[in-house]
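Open the model in your viewer and keep the selection tool handy. We will go from stop to stop, with something to select at each one.

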Amino acid sequence: MNYVIIVLLSGLVTSGLLADQETFLKANAYYKEGLFEQARDAYQSIAPKGVAAWYNLGNSYYQMSQYPQALAAWYQALTHAKLNDSARIEHNIAIAQNKLAVEEKVGSIDTVKRYVSTVSFLGLQLLVIALWYITLFLLVYSKYCRRWWLLTILGFLNCFLFFILLLRYQIMHERYAVIVQPNALLRVGPDTTFHPLQQIPVGKRIAIKEQQIAWVKVSTADGSQGWIENTMLM
Amino acid sequence: MHMDNQVAMKKIIGKFFVVVLFLSVTVGLYAQYAQLTVTNLDGNPCKQVYVGIPFVVSLYVEGGANDDKQPEILGLQRFNWQFEGTSSTISTVRGFMKVDRTYRYRVRIDKAGDYILGPAHLKTQGDTIESNVVKIHVSAEPPQQAPDALVTCSMSVDKQQVYKGERIQLAVRILCPADAAQVEISRPELPDFLVDNIEGPISNLQHDDETKRYYAWKFTLYAKREGALIVPAVSAVAQVPLAQHNDLFSRFFGAAYEKKIVYSNAVEVDVIPLPAYNSAIDGVGQFAKFLASVNKYTLHVGDAVSLQMQVEGDGNLNEALKTIQLPSGLRSYMSEQSYKPGREDMRIKTQEFIIQPLEPGQFTLPEQKFTYFDTKKHRYKTLRTKPIVLDVIPAPLQQSSVLPVLLDKNRLGPLWENGQWYATPQSCLPWPLFVLFLLAPFGFFALRRAYLRYQGSRRKRYALMRSKLAQAQRDHDVAQLYPLFLMVIAQSMGKQETEITIQDMLCTVQEAGFTQDELKAWQLFVAEIMQAAFGGKITETNDQLFQDADYWLQEFEKKL
């Protein structure tokens, strides 16, 4: 009975993947023929989208001159991309930012995050556990426990890996959106009656902190926090 | 009568003097006069100056107009000169304004000989004022610096005659009191030279008759043109302590220094042209090494390979290794360059080129040539690198399709046709499980510690039993054996000795995994020690009983 259920579930998953692959190939064909709207709809129907689907969706938006939406899709692609895939995505992002006259400052912490995001979370967890066990073993059983420098290095390495693990966890749960509508106002609270703090230009990337039905709490790159209407974002 | 004549004569002479005075003042107000003088930089008049050392030519114009007209000094244009400014004195006598003006020029003559400067002409208010003419003798010998001078400055070159483009080391050296401060030099005027490197100041103490401190600067130069080139004198400034203010009190208030300005000699370098050569050359001087290496020999189309070119020599390396010879199908970009000291007085320049193949195939980087003029052997030489073969294999589909497009910064990247269209969920250990894994060793350590403690107490217990057994054996007291084993069984069962029955003693041993024969032996042993304890029977088999007791104690320690 269990085998039957497993086989059925595997079949469902496989058929879903195959359907998504078919949609992806169809969307590619639309794109090549210049039917960008159909291509966009097809890419959007794939769930959950991988790096190529997000990237091509961004391209479709771009070809339809919907630059903020294209930026949003490419940022999503970037979160799924491996390091050697990111060059093409960053290239497109730069072009769209140029079109929108938006400049995103990439700080050193962003670069670190970019690298850390490519590391497998499970792999990192196992690595932390393994190193922790090695450290404890050396500390308790080995004659090396008398070598303070080795233990110091291992201690620092443990702390560093744990920090990377926490950073990776944070990256996993970070959510970003892009302002796609003009006149997007950042307000003090989740209602139009609240005082506006600043206007955020189209194409600007913001981090989502909290979500309600029609309002989203966001923080901008300069550190300002506030609420913005859901319809302004993608 | 005689007296009257004398009085009349006095009056006539007096009036005559008054008229002369009046006329001289009136004429003086309208008189115009110009004088050309030559002074050294300290302001002292001089008739002899030195090659390459600047001096001052002043034109004093008395009664010149207060306007901005510049005088023309005949012969000045032949020399290296610089207008330094004017100073004016304005005075008013009897309502007339008179302007006296001095024009100052800093002049340098780079060739020895006798020269005539002037006259100077200044046009003012319709008139032309003409000055005198001065004769200047320019000495080729450097000025003698006073032997007792506190600060001296000298300049020298390592070679008096060089080829065009050959390296020249120019050294400027200041010798001053050991406690002099703020020692600096003016930057030498070197329009005919390419200045490559400036080192210094290097400072150290020099112990001769008295301890002095020297400061040295070293300039690496390359002559840009042929001929007798002059490096003019540089000025040096130093704050020298005053002898009379050298006490602690004066030093405390910081008023113990005097500013000294001195000038070095000038140096002349004879630059001779290079012999004719039918193509461009890469350097002049001594060159020892010219190498080329790559970081890999096999690469994909679009990948980059780093070509390191290295040359070692004492010539001008700044202009070396600017280009490389490449076959078609490869393109290159100039990347980083670095310099480091080489053997003897040479430097090593390393220039990196990034080479990118545009198509697959086997490419041979041809030998690179470095042609230079050997200044010691006075002939042209060529250094060559070895050819390098690169195997370029086709790029993976993903990279080759995207790379050419990415090079175009304004074009959107192409469709990603064979990428991952579905998202794979991130697998991870749940946090509680992860934390459990981290804390598991501590649980293990706690259990181990408890076990060791238990083991320790058990060992102690049996050690105590053995000592009691030994004591009983020494006392020949077999009656002690029964309570001893009762205690062993009670402790292994976790009960009090009073709670233990004979049945417990037999069952405990049975459950511990002893064989039937051993059980029978144990029953027999128990019967004997009970009899010994309660029956008071002491037999000759007591030694055997003690041996049995020792055996059972060992067995219980192992199995119970």
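**Stop 1: a sheet in chain B**

Begin with the open sheet of 3 strands in chain B, which run in the order E23-E30-E27 with mixed pairing. Strands here are DSSP runs of E of at least two residues, helices are runs of H or I of at least four, and both are numbered from the N terminus. Two strands count as paired if DSSP finds at least two bridges between them. Select 298–300 and 361–365 of chain B for the edge strands, E23 and E27, each of which pairs on one side only. From one strand to the next, the twist averages 30°.

Before moving on, a word on the model and its labels. This is a predicted model, in which local features need pLDDT of at least 70 and side-chain atom pairs count only at pLDDT 80 or more, while totals for chains, interfaces and linings use all residues. Residues are numbered from 1 along each chain as its sequence is written, and chains are lettered from A and ligands numbered from 1 in the order in which they are written.

Now add residues 388–393 of chain B, strand E30, which pairs with E27(B) in the antiparallel sense over 5 bridges. Which residue of E30(B) stands opposite B:Gln362? Show B:Asp391 and you have that partner.

**Stop 2: two packed helices**

Select 481–493 and 502–511 of chain B: these are helices H5 and H6, packed at an angle of about 65° with their axes 10 Å apart. Axes are lines fitted to C-alpha atoms, for helices over the stretch in contact, and angles run from 0 to 180 degrees between N-to-C directions. Show B:Ile489, B:Ser492 and B:Met493 of H5(B), which meet B:Asp504, B:Met505 and B:Thr508 of H6(B). Contact means that C-beta atoms, placed from the backbone, lie within 7 Å. This contact divides into 3 nonpolar, 2 polar and 1 charged residues. For that count, Ala, Val, Leu, Ile, Met, Phe, Trp, Tyr, Cys and Pro are nonpolar, Asp, Glu, Lys and Arg are charged, and the others, Gly among them, are polar.

**Stop 3: B:Ile529**

Go to helix H7, residues 516–535 of chain B, and pick out B:Ile529. Is B:Ile529 buried or exposed? B:Ile529 is buried, because 23 other C-beta atoms lie within 10 Å; the cut-offs are 20 or more for buried, 12 or fewer for exposed, and partly exposed in between. Beyond neighbours within four places in sequence, B:Ile529 is in contact with B:Val478, B:Leu481, B:Tyr482, B:Phe485 and B:Leu545. Try a distance to B:Phe546, 17 residues apart along the chain: the C-alpha atoms are separated by 9.8 Å.

**Stop 4: the largest nonpolar core**

A nonpolar core is a set of buried Ala, Val, Leu, Ile, Met, Phe, Trp, Tyr and Cys residues joined through C-beta atoms within 7 Å. The largest has 74 residues, of which B:Ile174, B:Ala223, B:Ala236 and B:Val269 touch the most other members. Centre on B:Val269, and look for B:Val157, B:Ile168 and B:Leu229 among the residues that it touches.

**Stop 5: where the chains meet**

Finally, show both chains: the contact takes 21 residues from chain B and 32 residues from chain A. On the chain B side, select helices H3 (397–407) and H4 (431–475), the elements that give two or more residues. H4(B) provides the largest share, 4 residues.

Methods: Two residues are in contact if their C-beta atoms, placed from the backbone, lie within 7 Å.
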